[in-house]
Amino acid sequence: MKNKDKPPELQPFFDKNIAGDVVPSIGISMPRIDAYAKVTGRERYAADYYGFDMIWAGVKRAGIPHARLKSVNTQAAENLPGVIAVLTHKNISGSNRQGVIRKDQPVLVDDKVRHCGDAVALVLAEDKETLAKAIKLTSADFEPLPGVFTTETALEENAPLVHEDHPGGNVLLKASLEIGSVQSAKEHCDVLVEACFETPLVEHAYLETEAGWAQLKEDGKLEIVASTQTPFRDRMEVADALGLEPERIRMIAPYAGGAFGGKDGVTVQSLLGLAALHANGRPVKMWWSREESFIAGTKRHAARMYYRLGAKADGSLHSLDTRLYFDTGPYDHLGGVVITLALEHSGGPYRIPNVSFKGWAVYTNNPIGGAFRGFGVAQVTAAMEQMMDMLAEKLAMDPLKLRLKNAVRKGDKNCVGVTLTHSTGLVECLEAVARHPLWTERAAWKSKAGPFKRRGAGIVALMHASGYGPVVPDVANAKVELTAEGKIKVYCGVVDMGQGNAATNLQIAGSILCQNVDRIELILPDTDRTLPSGSASASRCTYTFGNALIGACETLKLRILQRAADLLMVDDCDETALIPGAVRHLPTGREIPLHRLATFMNESERTATQRFRAPTAKEIPPVGNEIRLHGFPHTLFSYGAHLVRVEVNELTGVVDVKRYLSVSDCGKIINPHVYEQQIQGAIAQGIGYALSEEVQVNEGKVLTADLATFIIPAASDVPEIESQPVEIYEPSGPYGLKGVGEIATNGPLPAIANAVADACGVRIFRSPLTPSRVLRALRERLSEGGVH
Amino acid sequence: MKLTIGFSVNGDSVEVEVLPHWNLLKVLRDVLELTGAKQGCGEGECGACTVLVNGAPVNSCIYPVLEVEGKEVTTIEGLMDKSGRLHPIQQAFLEKAGVQCGFCTPGMIMSAFALLKANPDPTEDEIRHAIAGNMCRCTGYVQIVESVQHAAAVMSGRSQERAGKE
Ligand code: FES
Ligand code: FES
């Protein structure tokens, strides 16, 4: 079965969809085009290339959180038969620095180790076993340095510096925003609530760990296939780090086996590029182990958040004061952008006239904080939505009514001063929850808790921005082609990491061009073939690329119809229509097949492209330029309201999530199945975040580096999830759509925390709400006399 | 020292040279290039590598390859029938949207296959229990469970409506 004779193919695998004779329409659940290859096991992920002459590359990790590197000892490994090369920073001729905003992360450590997962050496070997041995034989001499492992200690005056050259010391970025006056507003508040919340460091735990392979081609081109969300940006990063011209690098992004932000940026790419430069033209593969992914991959930032919320006696919010400390680990990665988005969302979807928000992304010697679905919003939503319940309790007000009273509506200014000019369906979402039996009948349900059980219900209101904000252009470039064979090729610029946007692209193109599924071919992101369209992130993929794609398809359609009208010698292309495989002249029924039509058109005539740039907020917010550069503020938001019912076991502390309801305003829906997938999957991740997921770190060392100790939800842990869309048409979106990728992940933690508080009368300020934390809280409450 | 062992994969007999400490997944993927079974952890914790050995689902990443001598291994690549038609479980995952990134899918389908063989009419709880060792980070399992329910209904000739309600 093994094919030793031909080199591995670069193109992702495609196969015919079984429902190939269907013409896609918008708004229907059609099977995803990628599902066929996935259910048959034929899909070739970045991790799935084997064969011709392939060698393996792997990394020697530092294993020490903070140290000066004195030397790397490669000799013993180099002497091992089967080892091809052991590379260090000395083999890198470029900047040896990577990073999206601040380039502060070495490909291979040169001066200093800043966390245990830093790469010290890169080993190339004939097979995996030799590789493992060689990595063990490689060692390094370090001069250990004192480390900083909490944001508090990192901010102390004489704290050891993670980057001596950073003007801000251990503060990667401080973001702040002031509207009105919190100081004087406080005097006008009838109630004030204050709290500090701590949320954990969390691993993405995509099933496919970081993987890829690369090859230096005979023409000098470096081809890198990687599981990535950002092929175009990766190309520039790899070029800079390795000192190559970007044109020499071709990045290809097959379907990823999950990413959730963890592949937003370089993981294996530069290492693979470097390896390929030293592999004598042989393909080199790298695939991180699960443990390595835990240690070296990025994580959702651990956060400590101080909140003070003030309101009038009638429940109208009047002032909010927040201080957010995010542990960004040793490298910027996207930490500055994360804290900025967190800041923007820290007051939730409410009108609050006086706010003072401050946020710090702080360097430490912990694992790298980076992008993770939710992107800072998951953390602040956990805080703000618990504050709302605490306020409601203090006001003796229904928590849902309190939210409704303060909810933003179209035309309002949100609490960071941005006028909401796009569809704003929060009120509709909250009203749907208010009407739902899971809410209206909760008292009866709660009263039926069995012995040693307590039941509670919790709600939250959500908002999540989409796109990059005002400075970095949120642009997509779509390209479609009528091929010489009369088929349609869609060049996807944005990676499909599992969320199904490739299939959605096919649905859009097929519906506009009226071609059935098996007449359409998708070209997945490839820097040599598709056009740059930004990252697969920020809930932007289908919004931004979809808009571009609609434009390209409409252009191509018109061109096809006009050309057909010419050939059919009719005056008006209005009389012609695309049908599967042909153009028909409607009055006469005459048809011209697309493959014939294509022969009359040259390649550029058969190809249409379209650029789309997402709208940006036009207000000039009261923040520094630095913060604008990091993406503040946004103009387009999705909204939602969640409801959860939980049952708490008083004896074990286990929180059992019984039912979950999500109502979302993410605009119109293109494919209901795919939409559901996004909502349900995000909620399951959020439930894990709420109840069990916590990367435990001691002095920079990850203690939970496997799926036995870092617990993600299994099928038996996820309840029945009901999801209702509030389909408000968003005029700027493709077919009225807004982003749906992230919003739902922000809900479960605060919803569950609110439900647990409702059930037990205690609030747990540190998540996840593990059985031991719940038990401790229950005990403390008992010893306090049971009053709360 | 390499040893030669023989077993069958998806009905074909194979002989492979292995080192005694290798696991079955390594042989399937690296040697036989059957990359349908995935590696999500390599430690028996995620189920992405699930294949059937003599009909029983195993985590092939921790299954010693020497133990497979003389046995029958079925992988996701072996589920389609000879004419290339999808197995009803595969078809159900496709139609009922049980697939997102798809990296858990082959393992998930193999576990479902073993379940439905032993229990053609499982309850939702039984399904969730049967796939509890197959981690999925994308779906939230809702549409996976629906896919298995639908497959069960199709395979036993029950109506789709009922499957949808279960
Ligand atoms: S790869 Fe075998 S159980 Fe995870
Ligand atoms: S579909 Fe991605 S892990 Fe299950």
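**View 1. Three strands in an open sheet of chain A.** Two strands are said to pair if DSSP finds at least two bridges between them. In this predicted model, strand β2 of chain A, which covers residues 67-73, pairs with β8(A) in the antiparallel sense, and six bridges link the two strands. One of the bridges can be followed at the level of single residues, since A:Ser71 has A:Asp141 in β8(A) as its bridge partner. The wider picture is an open sheet of three strands in chain A, arranged in the order β6-β2-β8 with antiparallel pairing. Because β6 (112-113) and β8 (139-144) of chain A each have a single partner strand, they stand at the edges, and one side of each is left without a neighbour in the sheet. As a general point, strands of a sheet pair through backbone hydrogen bonds, either parallel or antiparallel.

**View 2. Helix α10 of chain A and the residues beside it.** The loop between β20 (369-370) and α10 (377-395) of chain A holds A:Phe375, a residue other than glycine whose phi is nevertheless positive, near 50 degrees. Is A:Phe375 buried or exposed? A:Phe375 counts as buried because 29 C-beta neighbours lie inside 10 Å, where 20 or more are needed. Helix α10(A) itself has 19 residues and reaches 26 Å from its first C-alpha to its last, which is close to the 27 Å expected at 1.5 Å a residue. The helix is mostly covered, with 16 of its 19 residues buried, and the residue that follows α10(A), A:Ala396, has a positive phi, near 50 degrees.

**View 3. A:Ser539 in a loop of chain A.** A:Ser539 is placed in the loop between β24 (520-523) and α16 (541-568) of chain A. Although A:Ser539 is a residue other than glycine, its phi is positive, near 50 degrees. A:Ser539 is buried, because 26 other C-beta atoms lie within 10 Å.

**View 4. Two cis peptide bonds in chain A.** The peptide bond that runs from A:Phe632 to A:Pro633 is cis, and its omega is near -5 degrees. A:Pro633 belongs to the loop of chain A that lies between α18 (625-629) and β29 (637-649). A cis peptide bond also joins A:Ser767 and A:Pro768, with omega about 0 degrees, and A:Pro768 is found in the loop between α20 (748-760) and α21 (771-783) of chain A.

**View 5. A pair of crossing helices in chain B.** Helix α2 (residues 88-95) and helix α5 (residues 142-155), both of chain B, have axes that come within 8 Å and cross at roughly 135 degrees. That angle makes α2(B) oblique to α5(B), and the crossing of the two helices is right-handed. Which residues of α2(B) and α5(B) meet? On the side of α2(B) they are B:Pro88, B:Ile89, B:Ala92 and B:Phe93, which meet B:Ser147, B:His150, B:Ala151, B:Val154 and B:Met155 in α5(B). In general, an α-helix has 3.6 residues a turn, so residues three or four places apart point the same way.

**View 6. The contact of chain A with chain B.** This contact takes 49 residues from chain A and 47 residues from chain B. On the side of chain A that touches chain B, the elements that give two or more residues are α1 (35-39) and α19 (672-691) of chain A. The largest share of that side, seven residues, comes from α19(A).

Notes. Residues numbered from 1 in each chain as written. Chains lettered and ligands numbered in written order. Predicted model: local features only at pLDDT ≥ 70, side-chain atom pairs only at ≥ 80, totals over all residues. Helix = DSSP H or I, 4+ residues; strand = E, 2+ residues; numbered from the N terminus. Buried ≥ 20, exposed ≤ 12 C-beta atoms within 10 Å, placed from the backbone. Expected span 1.5 Å × (residues − 1). Axes fitted to C-alpha atoms, helices over the stretch in contact; angles between N-to-C directions. Parallel < 35°, antiparallel > 145°, perpendicular 65-115°, else oblique. Left-handed = near helix turned anticlockwise from the far one by under 90°. Contact = placed C-beta atoms within 7 Å.
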